[in-house]
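Biologist: Before we look at any labels, could you explain each one by setting a value against its definition?

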Amino acid sequence: MNTESSTQEVVIHEPAMISVLRNGLGVLIALAAIAFAADLFSRLGIAIYTEQYLAVILGISLALVFLKPQSSQLKRSLNGLLALLGLITSLYLAVQYPDLVERQLDLPLDALAISAILFVLVLEGLRRVVGLTLVIVVMLFMVFALLGSHLSGPLQTRDIDLDRLFVYLGVDTNGMLGLTLNVAATIVIGFILFGQLLLRSGGADFFNDIALALMGRSKGGSGKIATIASALFGSISGVVVSNIVATGVVTIRMMKKGGFKPHTAAAIETVASTGGQIMPPVMGAVAFLMAEFLQIGYSEVVIAALVPAILYYAALYIQVDLEAAKEQIKPIDPALIPSKRKVLQQGWIFIIPFAAVILALFSFNQRPETAALWGALGALIVGVLKGYKGKRMGAKDILGSLEETGHSIVDIIMIGAAAGFIIGILNITGLGFGLTYFLVELGQGNLFLLLVISAVVCIVLGMGMPTVGVYLLLAVLVAPSLIQVGVEPIAAHLFIFYLGMMSMVTPPIAIGAFFAASIAKANPMKTALTSMRLGWTAYIIPFLFVTTPSLLLIGETSQIVITVMSALIGVWAVSVGFAGYFKNKLNLVFRFGFVIAGGLFLLPNLQGGDTPIAPKVAGLALLATLLCATLLVNKATSQASSKQTQS
């Protein structure tokens, strides 16, 4: 069962032999990815196609999916057969791939058979790891591919026979073995391994300690610690639930002990962990995938993503600070706060893995998967030679990192293969152009309406899926329609990324929020709704940077400065309104006023071009009036309280 698709799992006893086999397959995936990233095959004089490597990874992943613990002997036997069938079929595809590609247009029987088998097995594996939703999406596309030629209008497709469709999806590089599976099996595996080694080398403990040392003495310090620690670790982990587990088990308990309500503590951790995916430089590996899709430099993605990420965490930090003041939450006990100097003395060495990634990318122009390998090697060296607080990595930790890397990638491999099916169908039928045209027409030429439709699609399709998988799917289905109507390509991809990511906190699924709620022993729906309030910028900012590219640091410097400063003021004002506190608790009128004032600062120009000045002037006047009125009310209240005390 996918860790991001459920917060409860039935504990089933797993036979020791199956456990050893599954762990061995997990290690095999990690080792294969290391060998591929290091160009080990070519160094040994072995020439292989990338597609052959992808087929091997797919086969091992299918085996891992079907070998998960089952409650009955019959199910275990059936799953054993499915695992064996998936592995053998994939290995046949890997070995025979050069020959199958040569004979692809002749529709050979073996190509048809293995393509059909793998199609069914991938969909069943997909159902097991993320549920029926994405399976239904793929099947709808299949039906469209076969029957779309009988339609009229923009969604009419070419007439494609079933055998030709299967062979194309299974063998062609535009199908299952295409871009989405490629990035999942190379870049994503590399960064998952990096994150696992960093975690076991003491990196997570260092992140928590440095956040504790920096923020522990401020009011509501425990909430601010959770914000910083989860942002740091989440950027590397790439999996929201893994981030919640790694940091939340410490920070949620700390926040509850510090005075935060259970649902608030869980919501802060959820929003902070989710936001790690949008925090440069790594962005949970999506930065590298986005660069691949857009065919631009990795640095361009990081620069564009910087300001939106700052606005996201600024809003969260402000609301945590105001919530702490409103609830009179005191700083953490000084006895529990480590010395900054001591923490840095013990943990400065963790700069090495990150420096290795940056050097590999920018100084040596390495591929992202190779850069991740450099970072993993750096984390390994740090963990083995020094560790953190005297705790070094041992052989068991290294083996555990390899095993967990293999297990963690399985879900994304299934999603990547399924997204490949969708891409293949869009290409061979011509449906890709028709779908883009249909969405544009549905928006009736209105950019805002198209963005709203796209946002709903992103959140719905993203429900219950890992963030990387969400992005892969939406980059295929939604981003092209936004680009078609003139949205900057980088803005379109960041838009779908943000909205897809927020499915982790948006009811009714809200997997991240529900998982954090289980740790905090809080009400799940109350946690999800609080998470939406704390993470409100992720619903609004994407609309802003689509219509105002200055937020992505695109355009003239003067306009960028004005836009960014206006956005920061707007985020502060709206956050005050949502928190309901400024110097004192605010009534409904003041809260609404702050939200309106902030909204005027954030108001984009839906017609394109520079953001309008008039709303900002009005927002400034309203905000100044509110601040003065709030201070006067607070002063009057304070004087009245003082007189009452004296009397």
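Biologist: Why is K389 called exposed?

Modeller: K389 has a relative accessible area of 55%, and a residue counts as buried under 20%, exposed over 50% and partly exposed in between, with a 1.4 Å probe and protein chains only as cover. The value for K389 is therefore in the exposed range. This is a predicted model, in which local features need pLDDT of at least 70 and side-chain atom pairs count only at pLDDT 80 or more, while totals for chains, interfaces and linings use all residues. Residues are numbered from 1 along each chain as its sequence is written, and side-chain values use heavy atoms, with hydrogens and water left out.

Biologist: What makes the meeting of the K389 and D209 side chains a salt bridge?

Modeller: The term asks for a side-chain nitrogen of Lys or Arg within 4 Å of a carboxyl oxygen of Asp or Glu, and for K389 and D209 the N to O distance is 2.8 Å, so the pair qualifies. K389 lies in the loop between α17 and α18 and D209 in helix α9, so the salt bridge ties together parts that are 180 residues apart in sequence. Helices here are DSSP runs of H or I with at least four residues, strands are runs of E with at least two, and both are numbered from the N terminus. Unlike the exposed K389, D209 counts as buried, at 12% relative accessibility.

Biologist: How many salt bridges does a search of the whole structure find, and how do you know that E323 and K326 form one of them?

Modeller: The search finds 11 salt bridges. For E323 and K326 the closest N and O atoms are 3.9 Å apart, which is within the limit, so this pair also counts. Both residues lie in helix α14, three residues apart, about one turn of the helix, and both are buried.

Biologist: What makes E369 buried, and why is R367 called partly exposed?

Modeller: E369 has a relative accessible area of 9% and is therefore buried, whereas R367, at 32%, counts as partly exposed. E369 and R367 form a salt bridge with closest N and O atoms 3.4 Å apart, and a network of salt bridges links these two residues with D39.

Biologist: Which residues outside its sequence neighbourhood does T264 contact?

Modeller: Leaving aside neighbours within four places in sequence, T264 is in contact with E323 and T530, contact meaning heavy atoms within 4.5 Å. T264 is found in helix α12, residues 262-275, and with a relative accessible area of 4% this residue is buried.

Biologist: Why is the pair of F206 and Y388 called edge-to-face?

Modeller: Among the 23 aromatic pairs found in the whole structure, F206 and Y388 have a centre-to-centre distance of 5.8 Å and an angle of 75° between the planes. Rings of Phe, Tyr and Trp (its six-membered ring) pair if their centres lie within 6.5 Å, and planes under 30 degrees apart count as stacked, over 60 as edge-to-face and the rest as tilted, so the pair earns its label. F206 lies in helix α9 and Y388 in the loop between α17 and α18, so the pair ties together parts that are 182 residues apart in sequence. Both F206 and Y388 are buried.

Biologist: What makes the pair of F497 and Y498 edge-to-face?

Modeller: Their ring centres are 6.4 Å apart and their planes stand at 85°, so this pair is edge-to-face. F497 and Y498 are both buried. Elsewhere, ring pairs link F191, F194, F288, Y298 and F354 into a cluster.

Biologist: Which residues make the nonpolar surface patch of about 560 Å²?

Modeller: The patch is made by I303, L306, I310, L553, V561, M565 and L568. Patch residues have over 30% relative accessible area and no salt bridge, with like charges joined within 9 Å and nonpolar side chains (Val, Leu, Ile, Met, Phe, Trp, Tyr) within 5 Å. One of these residues, I310, is partly exposed at 42%, and that value is over the 30% required of a patch member. I310 is in helix α14, and α14 and α27 each supply at least two residues of the patch.

Methods. Areas by Shrake-Rupley, 256 points an atom, 1.4 Å probe, with all protein chains shown as cover.
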